[in-house]
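Thanks for passing this one along. Here are my notes, written so that you can follow them with the coordinates open.

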Amino acid sequence: LKLSMRAGAPGLWVPLVATAVCIVSWLVWRKTRQRPSQSCAPSIGEDDTGPPAHDGHVHPPDVRAAAESQSSKQQVEEHSAPEPANQVPLWVEEIRRWIQSHDPILLDVRSSFEVAMQPVPSAVHIDINSLSTERRRLLQMAAGRPIGPFCAHGIRSQAAVEILEDWGCVAFNCHSADVVQFALAANKGKPKRRRLSYQQ
């Protein structure tokens, strides 16, 4: 090129310079065009709903994420699983069977206020504080039949059982009005033991 310029051939190097400028411009244009595609690539942690780009490498599966997903699924199934139907505590079932088999006098030893709030129509109401004064009437009513006292939480009814046993009665703690109502509803329609005759 220098030889050509010294030789006085200015028309020879002009096309060469123009070609070089075109090549440089094309390289700059190509580089600036690739920059937006690189900046649009999602970074780690961004919310991208599209499929991840495949870089040609085989990556191992995310075992930890799969285990956490399976554990969360099991916890949801455990919480959403319904409880077994007709599951009754053993002590409640024992009271129900005793009432069915003995056909007792159900003795409500709660207060009048508690009876008004949750009455048990088939029961005889005698307050625990009045049990001693109502002894004769209760024994005439029972006439040898077992007596099943109950209250609100089973404490006063246990005290009534001890009193009745001191009187020579057969007594069994039927715990509470809720349990007695459940037992009566569950025993409805089931055969009972033949009731013994007693004097009114």
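The numbered points below go from the overall layout to individual residues.

1. A word on the model and its layout. Please keep in mind that this is a predicted model. The protein has 8 helices and 3 strands, and along the sequence they come in the order α-α-α-α-β-α-β-α-β-α-α.

2. Some totals. The protein has 200 residues, and 24% of them count as buried. Its accessible surface is about 15,200 Å², with 58% of that belonging to carbon and sulfur atoms. Among contacts with a separation of 6 or more, 66% are between residues 24 or more positions apart.

3. Helix α8 is a good place to start looking. Its buried residues are Ala 177, Val 179, Val 180, Ala 183 and Asn 187. Viewed down the axis of α8, these buried residues fall within an arc of 160°, so they line one face of the helix. As background, an α-helix has 3.6 residues a turn, so residues three or four places apart point the same way. What do the buried residues of α8 pack against? Their partners are α4 (90-102), β1 (105-108) and β3 (147-150). Just after α8 comes Gly 189, with a positive phi of about 90°.

4. Cys 174 deserves a look of its own. This residue sits in the loop between α7 and α8, and it is buried, with a relative accessible area of 0%. Leaving aside residues up to four places away in sequence, Cys 174 touches Ile 95, Trp 98, Ile 99, Leu 106, Gly 148, Pro 149, Phe 150, Val 179 and Val 180. Two of these, Val 179 and Val 180, also appear among the buried residues of α8. Leu 106 is 68 residues away from Cys 174 along the chain, yet their C-alpha atoms are separated by 8.3 Å.

5. On cysteines in general, how many disulfides does the structure hold? The count is 0. Cys 151 is another buried cysteine, at 1% relative accessibility.

6. Next, the salt bridges, which come to 6 in total. One of them joins the side chains of Arg 145 and Asp 103, at 3.8 Å from N to O. Arg 145 lies in the loop between α6 and β3, and Asp 103 in the loop between α4 and β1, so this pair ties together parts that are 42 residues apart in sequence. If you are checking protonation states, note that both Arg 145 and Asp 103 are buried.

7. A second charged pair is Asp 108 with Arg 110, where the closest N and O atoms are 2.8 Å apart. Are these two residues buried or exposed? Both Asp 108 and Arg 110 are buried.

8. The pair of Arg 156 and Glu 114 meets in a salt bridge of 2.9 Å, N to O. Arg 156 belongs to helix α7 and Glu 114 to helix α5 (residues 112-117), so the pair ties together parts that are 42 residues apart in sequence. Here the partners are partly exposed: Arg 156 at 27% relative accessibility, and Glu 114 with a relative accessible area of 21%. Elsewhere, Glu 93, Arg 96 and Arg 97 are linked in a network of salt bridges.

9. Two backbone angles caught my eye. Most residues other than glycine have a negative phi. Ala 143, however, has a positive phi near 50°; this residue is in the loop between α6 (135-142) and β3, and at 29% relative accessibility it counts as partly exposed. His 175 also has a positive phi, of about 70°, although it is not a glycine. Its place is the loop between α7 (155-166) and α8, and its relative accessible area of 24% makes it partly exposed.

10. Last, a surface feature. Which residues form a nonpolar patch on the surface? They are Ile 23, Trp 26, Leu 27 and Trp 29, with about 450 Å² of accessible area together. Trp 29 lies in helix α2 (residues 10-39) and counts as partly exposed, at 47% relative accessibility.

Note on methods: Residues are numbered from 1 along each chain as its sequence is written. This is a predicted model: local features need pLDDT of at least 70, side-chain atom pairs count only at pLDDT 80 or more; totals for chains, interfaces and linings use all residues. Side-chain values use heavy atoms; hydrogens and water are left out. Patches are made of residues with over 30% relative accessible area and no salt bridge: like charges are joined within 9 Å, nonpolar side chains (Val, Leu, Ile, Met, Phe, Trp, Tyr) within 5 Å. Accessible areas come from the Shrake-Rupley method with a 1.4 Å probe; for residues, only the protein chains shown count as cover. A salt bridge is a side-chain nitrogen of Lys or Arg within 4 Å of a carboxyl oxygen of Asp or Glu. Helices (H or I, at least four residues) and strands (E, at least two) are DSSP runs, numbered from the N terminus. Buried means under 20% relative accessible area, exposed over 50%, partly exposed in between (1.4 Å probe, protein chains only). A disulfide is a pair of cysteine sulfur atoms within 2.5 Å. The arc is that of the directions from the helix axis to the C-beta atoms. Contact means heavy atoms within 4.5 Å.
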